[in-house]
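Me: Pick one part of this model and take me through it closely. Which pieces does it pair with, and how does it sit in the whole?

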Amino acid sequence: MNQDFDIIIVGGGAAGFFSAINIVERNPKLKVAILERGKEVLSKVRISGGGRCNVTHACFEPNELVKFYPRGEKELRGPFHQFGAGDTIEWFEKHGVELKIEDDGRMFPVSNSSQTIIDCFLNASHQLGITIVTGQSVQSIFYTEGSTGNYWKIDTQSESFLAEKLILATGSNPKIWDLLHTFGHAIITPVPSLFTFNIKDTRIKELPGIATQVTVKVKDTKLESTGPLLITHWGMSGPAILKLSAWGARILHDKNYQFKIEVNWLNDIDTEDAETLLKELKQEHAKKTVVKKSPLDLQNRLWESLVLASGIGNETKWADLSKIQLQNLANQLTKGIFQVNGKSTFKDEFVTAGGIDLKEINFKTMESKLHPNLYFAGEIVNIDAITGGFNFQNAWTSGFLVANAISE
């Protein structure tokens with residue numbers, strides 16, 4: 001038994017719901033269904049941002065906003081002029097959800113709960129008469145040219161659905177990518193994007209929980225990032241590390257996640273200046289014990305660990321530091337080398353670099369250039385961003401463009 005709709009959306013996540021709601025708001029005559037393979041819709045929205053849902057980022061200039069996307073920077077410039085972060089805030093306010101800006105620019109619902117976003121989408125869908133069908137794992141997709149017109153046929157394990165237009169908003173879904181490949185679409189092989197670094201090193205072993213502003217480089221590459229670094233039980237995390245993981249997704253994958261990083265704990269002070277600074281401190285604090293208290297903008301425990309790693313004893317006074325010890329300490333502070341052996345997923349935010357080749361998509365409408373009436377929204381395409389609300393902004397923007405194109 002076939003179920004007929006004007007539009008079928010495969011994927012009950014952020015991009016799928018945003019597309020559906022915007023389509024029917026613009027054209028209430030259209031009959032729209034969302035098919036979700038899981039038992040629940042919007043499950044990624046629920047866990048995102050630690051259960052608070054990092055809706056977007058307070059970056060209102062499209063040319064600046066695109067810089068947070070390792071893949072998709074060029075393609076998103078036009079779309080962000082159509083629907084950017086400011087439009088997102090306005091859209092949610094219009095739908096009864098007020099957002100707030102945190103110090104780092106991330107934006108969350110004032111309620112601090114992702115349930116607010118889920119309720120907003122479910123209520124809107126209910127009011128607009130959008131059909132939501134869960135437990136529908138897509139097995140096959142066909143494009144049929146019939147006497148009464150052309151349509152898409154979507155077979156799940158239990159039912160068949162027909163629609164004139166098809167939107168795929170399935171995120172990182174290998175099965176759907178395989179189906180698209182049979183349609184002639186090129187798929188850029190997916191690799192993990194947002195991840196933390198596994199590092200076993202005596203210098204940081206006893207320091208989980210310490211966070212500080214650093215500059216980090218991946219040795220033998222051009223990868224470099226600045227920002228807060230968090231020492232964890234398994235190694236290193238925080239924005240500085242996550243940025244490297246996003247920009248270096250392919251490079252680090254090719255290295256099999258075995259590589260060296262160089263950490264400058266003094267952030268923007270180079271080794272030479274650090275040495276000069278330490279010589280001044282030697283004069284100033286001559287009678288004090290070096291290890292006791294950090295004279296720099298570093299936590300005492302981190303300072304102590306780096307001092308001991310420089311071959312300076314527990315009782316050594318500043319006045320007794322040799323030239324070699326001063327150089328060692330300057331090196332530990334500004335270019336400490338750490339071996340990375342593997343990665344861990346950042347919280348529950350599993351993001352991949354990869355998906356449908358961007359050359360095969362019309363970024364005015366998000367329609368496939370190979371197949372008319374086939375549209376894409378969200379992470380199914382080869383676009384991904386660093387952490388901070390940017391991946392959701394891509395979902396809203398692409399969903400809006402799809403809705404714009406279809407409802408006309």
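Reply: Two strands pair if DSSP finds at least two bridges between them. Helices (H or I, at least four residues) and strands (E, at least two) are DSSP runs, numbered from the N terminus.

The model is predicted: local features need pLDDT of at least 70 and side-chain atom pairs 80 or more, while totals for chains, interfaces and linings use all residues. Residues are numbered from 1 along each chain as its sequence is written, and side-chain values use heavy atoms, without hydrogens or water.

The whole comes before the part. The protein has 13 helices and 21 strands. Its C-alpha trace spans about 90 × 40 × 35 Å along the principal axes. Of its 408 residues, 55% are buried (under 20% relative accessible area with a 1.4 Å probe, protein chains only; exposed is over 50%, partly exposed in between). Take the contacts (heavy atoms within 4.5 Å) between residues at least 6 apart in sequence: 73% of them join residues at least 24 apart.

The part I pick is strand 9, residues 160–168. Of its 9 residues, 8 are buried, so strand 9 is largely enclosed by the rest of the structure.

Take its pairings in turn. Strand 1 covers residues 2–10 and runs parallel to strand 9, joined to it by 8 bridges. In this pairing, Asn-2 of strand 1 faces Ser-160 of strand 9.

Strand 8, residues 149–156, pairs with strand 9 in the antiparallel sense. That pairing has 4 bridges. Within it, Trp-152 has Ala-163 of strand 9 as its bridge partner. The connection is a hairpin: 3 residues lead from strand 8 to strand 9.

Strand 21 comes from farther along the chain, at residues 374–376. It pairs with strand 9 in the parallel sense, over 3 bridges. Here Leu-166 is matched with Leu-374 of strand 21.

So much for strand 9; now a sheet to set beside it. An open sheet is built from 7 strands in the order 16-15-12-13-14-11-17, with antiparallel pairing. Strand 16 (336–341) and strand 17 (343–345) are its edges; each has a single partner strand, so one side of each lacks a neighbour in the sheet. Inside that order, strand 12 (residues 211–218) pairs with strand 15 (residues 258–264) over 4 bridges, in the antiparallel sense. Val-218 sits opposite Ile-261 of strand 15.

Back to the part itself: strand 9 has parallel pairings with strand 1 and strand 21, and an antiparallel one with strand 8.
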